[in-house]
Amino acid sequence: MTTMTLSTLARRFALPLAGFVMMAIPGAFAEERPVITTTNASADEIRAFCTNIADAARDQRYLLQKQELETLQKDVDERIKVLEARRAEYEDWLNRRNAFLKQAEGGLVEIYRKMKPDAAAAQLAELNPQIASAIVMKLPPRQSSTILGEMPADKAALLTRIIAVAGDPNTSKDPS
């Protein structure tokens, strides 16, 4: 036989031969497993076991409770942030409302109170809608309704919308 043939034969039988040798060695791949025996444990042994693990179990319970409390604390902190944001929004709305009402204070309201409704309507239609609505809001209701009746419908509707939004505590954004 030639060298080629011998090496080819050796390669073909090497794997099965190695497997056979491994199987022939007893316990070569044996796994060491603990031997589990079933014995009747006495009550004293059970009590001793439970006593020995009681501290670890208590520590684990405390750890779980601590983690739960930390989660709850984070949730409370987030809710506090939301409430603080809403409080700031309400304060902003209140400040803007007070500034809105102050725009109509003083002699300006008196001037429009003494004007004829048609002249006041023409003047207020040309003013900034926020200022005009603040003035209309400060006038007596009968005079305000007459002035709004004399204004163009779109201007009167805008002023009415601003007045309605200014009185709504649920609104905190720009009323115009």
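pLDDT is the predictor's confidence in each residue, on a scale from 0 to 100. You will want that scale at hand, since the model on your screen is predicted.

**Stop 1: the whole chain**

Colour everything by pLDDT to begin. The protein has a mean pLDDT of 80, and 74% of its residues reach 70 or more. Now select residues 3-24, helix H1: here confidence is lowest, with a mean of 66. Where pLDDT is low, the predicted coordinates should not be read in detail. Helix H6 is where confidence is highest, at 93, and our tour will spend much of its time there.

Switch to a cartoon view next. You should find seven helices and zero strands, so to speak an α-α-α-α-α-α-α run from the N terminus on. Of the 176 residues, 15% count as buried. Among contacts with a separation of 6 or more, 71% join residues 24 or more positions apart.

**Stop 2: helix H6**

Select residues 141-150 to bring up H6. Which of its residues are buried? Show the side chains of Gln143, Ser144 and Ile147, the buried residues of H6. Look down the helix axis: these residues fall within an arc of 100°, so they line one face of the helix. Turn to the face pointing away from the buried side, and you meet the exposed residues Pro141, Arg142 and Gly149.

What do the buried residues pack against? Add helix H3 (107-114), helix H4 (117-126) and helix H5 (129-138) to your selection, and you have their partners.

Zoom in on Ser144 while you are here. Its relative accessibility is 8%, under the 20% cut-off, which is why Ser144 counts as buried. Beyond residues up to four places away in sequence, Ser144 touches Val136 and Leu139.

**Stop 3: where H4 meets H6**

Keep H4 and H6 and hide the rest. Two packed helices are described by the angle between their axes and the distance between the axes. For H4 and H6, the angle is about 65° and the axes are 8 Å apart. The crossing of H4 past H6 is right-handed.

Now show side chains at the contact. From H4, pick Pro117, Asp118, Ala120, Ala121 and Leu124; from H6, pick Thr146, Ile147 and Glu150. Sorted by class, this contact has five nonpolar, one polar and two charged residues. Ile147 is worth a second look, being one of the buried residues of H6 as well as part of the meeting with H4.

**Stop 4: Ser133 in H5**

Move to helix H5 and select Ser133. Is this residue buried or exposed? Ser133 has a relative accessible area of 0%, so it is buried. Leaving aside neighbours within four places in sequence, its contacts are Phe100, Leu159, Ile162 and Ile163.

**Stop 5: Ile163 in H7**

Follow that last contact to Ile163, which lies in helix H7 (residues 153-166). Ile163 has a relative accessible area of 23%, so it is partly exposed. Apart from neighbours within four places in sequence, Ile163 is in contact with Ser133, Val136 and Met137.

To finish, set a distance label between the C-alpha atoms of Ile163 and Val136. How far apart are they in space? The label should read 8.6 Å, for two residues that are 27 apart in sequence. Val136 also takes you back to an earlier stop, as one of the residues that Ser144 touches.

Conventions:
Residues are numbered from 1 along each chain as its sequence is written. Side-chain values use heavy atoms; hydrogens and water are left out. Helices (H or I, at least four residues) and strands (E, at least two) are DSSP runs, numbered from the N terminus. Buried means under 20% relative accessible area, exposed over 50%, partly exposed in between (1.4 Å probe, protein chains only). Contact means heavy atoms within 4.5 Å. The arc is that of the directions from the helix axis to the C-beta atoms. Axes are lines fitted to C-alpha atoms, for helices over the stretch in contact, and angles run from 0 to 180 degrees between N-to-C directions. A crossing is left-handed if the near helix is turned anticlockwise from the far one by less than a right angle, and right-handed if clockwise. Ala, Val, Leu, Ile, Met, Phe, Trp, Tyr, Cys and Pro count as nonpolar, Asp, Glu, Lys and Arg as charged, and the others, Gly among them, as polar.
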